[in-house]
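This briefing goes through one protein model, moving from a single core residue to the overall fold and then to its charged pairs. Please keep the coordinates open while reading.

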Amino acid sequence: MELDVLIFGGGVAGLWLLDELHRRRFRVLLIERRALGAGQSIASQGILHGGLKYMLGGMASGSARTVGAMTDVWRACLSGRGQPDLSDARIFSPCCYLWRTDSLISRAALSAARLVLRTSVERVATRDRPAALVNCPGEILRVNEQVVDVASFLSVLARGHTARIMQVGEEDSVDFVTSSLGRVDEVQLRRSAANAVVSMKTATTVFAAGEGNEDLRRRVGLSADTMQLRPLRMVMVRGRLPQLFGHCVDGNKTRVTITSAVDSQDRTVWQLGGEIAEKGVDMTPSDLIQFAQRELMSVLPGVDWAGVEWATYRINRAEGRSTAGLRPDGPVWRRDGSVISAWPTKLVLAPRLARSIADALGDPPEGGTESVEAPPDWPRPEVAQPPWEVNDQWRR
């Protein structure tokens, strides 16, 4: 098979890039080892950040501007007015709420944020507060940040490219044929179950496999020190809970970020990110659950916790390496020979990453040709299940 681009990694970065390149008439295929979105993408809380929490938390406005610029792109795609058309993806919530525990949000800070960002913000009247925030002191803000069902979004993004997505299972092998450092000329896929081999000659190989980029780079002779990992231990709570989507900001930290879903047993599930997930890395599951309980009772007074269950899971957020290990302001990608290694940094930045790489590749050879398709009998990956459906370590 003759390809212009071969993508490794079927998370949000790889799938969005596949769509972008296909629309630009590149001959492109994508390979996924496990399920689409498995790992970092499916563990995302699905918040399409507008950047407000970064500015109100006193963080650098570079991050706020970068993510804020993506708001219009996502809204256009989710409404069917942009490409890719994601109008069939499920939206958990049209907005998020923001509240603080240390002090009232100053008018000056809010005004500055409105000038810099494209995210509309309004104060919530006491009578309009969501049930979980009724007893919180101070002001509550409604932030125009949508929250998407990540599994639904990945399914919609992938369904138009079924013929261009291949699964290479654990029992299968991938061999890279290189002519020099970072110069991949051919990729051979060997499917053990069918004793089949597919050989692909590719002009450009893109590694968009998150944490898996480290191993992929080593296999083609490239250094792995271009990536950094930000470990998190997320907490989940399920039971008779009210729906809540938002951030509790304390000083210059996001004390907790909460998103909600309903599981297959019709239970409300909260995912807890923010400082709880960052501090939890060095805790045992029991200690982290106790810490999360104390935090939630402090920032959400009046919520009934009777009968709820708790669980934790670890996830590594893979990013392009930055100075002093700080989170990059935007997506990161680099080219080594014919290999591009890419990290979106955040879910909301996937469109910017895809367009940046596509622009750098320029026009497809000979102005674009008919798209290629994978062998029809080659297996296709399913979309990964969200963490609350596969975790079996729940406790009261």
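Leaving aside its neighbours within four places in sequence, which residues is Met-200 in contact with? In this predicted model, the contacts of Met-200 beyond those neighbours are Met-1, Leu-3, Leu-6, Leu-29, Met-166, Asp-185, Glu-186, Val-187 and Leu-189.

**Met-200 and its setting**

- Met-200 belongs to strand E11, which covers residues 196-207, and with a relative accessibility of 0% Met-200 counts as buried.
- One of the contacts of Met-200 is Leu-189; the two residues are eleven residues apart in sequence, and their C-alpha atoms are 8.2 Å apart in space.

**Overall fold**

- The secondary structure of the protein consists of twelve helices and 18 strands, and the C-alpha atoms fill a box of roughly 65 × 45 × 40 Å when taken along the principal axes.
- For a compact globule of 396 residues one would expect a radius of gyration near 21 Å, and the 22 Å of the protein agrees with that expectation.
- Of the 396 residues, 55% count as buried.
- Among the contacts in the protein with a separation of 6 or more, 71% are accounted for by residues 24 or more positions apart.

**Helix H1**

- Helix H1 (residues 12-23) has twelve residues, which at 1.5 Å a residue should span 16 Å, and the 17 Å between its end C-alpha atoms agrees with this.
- Because ten of the twelve residues of H1 are buried, the helix is largely enclosed by the rest of the structure.
- The buried residues of H1 include Trp-16, Leu-17 and Leu-18, and also the acidic residues Asp-19 and Glu-20.
- Just after H1, Arg-25 takes a positive phi of about 70°.

**Salt bridges**

- A search of the whole structure finds 18 salt bridges, and a network of them links Asp-19, Glu-20, Arg-23, Arg-24 and Asp-359.
- Within that network, the side chains of Arg-24 and Glu-20 meet with an N to O distance of 2.9 Å; Arg-24 is partly exposed, with a relative accessible area of 28%, whereas Glu-20 is buried, with a relative accessible area of 5%.
- The side chains of Arg-217 and Asp-336 form a salt bridge at 3.1 Å, N to O, and this pair links distant parts of the chain, with Arg-217 in helix H8 (residues 213-219) and Asp-336 in strand E17 (residues 332-336), 119 residues apart.
- Both ends of that bridge lie below the 20% cut-off for burial, since Arg-217 is buried at 2% relative accessibility and Asp-336 is buried at 14%.
- Glu-319 and Arg-230 also meet in a salt bridge through their side chains, at 2.9 Å, N to O, and this pair likewise links distant parts of the chain, with Glu-319 in strand E16 (residues 309-320) and Arg-230 in strand E12 (residues 227-239), 89 residues apart.
- In this pair Glu-319 counts as buried at 0% relative accessibility, while Arg-230 counts as partly exposed at 23%.

**Asp-172, a buried acid without a salt bridge**

- Asp-172 is placed in the loop between strand E8 (165-167) and strand E9 (173-180).
- What is the nearest side chain of opposite charge to Asp-172, and how far away is it? That side chain is Arg-191, 5.5 Å away, which lies beyond the 4 Å limit for a salt bridge, and Asp-172 is therefore buried without one.
- A polar atom of the Asp-172 side chain does lie 2.9 Å from the backbone nitrogen of Gly-169.
- Leaving aside neighbours within four places in sequence, Asp-172 is in contact with Arg-33, Gln-167, Arg-190, Arg-191, Ser-192 and Ala-193.

**Gln-45, a buried polar residue in a loop**

- Gln-45 is found in the loop between helix H2 (40-43) and helix H3 (52-56), and it is buried, with a relative accessible area of 15%.
- The side chain of Gln-45 reaches the backbone oxygen of Thr-257 at 3.3 Å.
- Beyond its neighbours within four places in sequence, Gln-45 is in contact with residues that include Val-147, Val-148, Met-234, Thr-257, Ile-258 and Thr-259, and also Gln-271, Leu-272 and Gly-273.

Conventions: Residues are numbered from 1 along each chain as its sequence is written. This is a predicted model: local features need pLDDT of at least 70, side-chain atom pairs count only at pLDDT 80 or more; totals for chains, interfaces and linings use all residues. Side-chain values use heavy atoms; hydrogens and water are left out. Helices (H or I, at least four residues) and strands (E, at least two) are DSSP runs, numbered from the N terminus. Buried means under 20% relative accessible area, exposed over 50%, partly exposed in between (1.4 Å probe, protein chains only). Lys and Arg count as positive and Asp and Glu as negative; His and the chain ends are not counted. A polar contact is a pair of N or O atoms within 3.5 Å; within protein, one must be able to donate a hydrogen and the other to accept it, and residues adjacent in sequence count only if both atoms are side-chain atoms. Contact means heavy atoms within 4.5 Å. The expected span of a helix is 1.5 Å times one less than its number of residues. The radius of gyration is taken over C-alpha atoms; the globule rule is 2.2 Å times the number of residues to the power 0.38.
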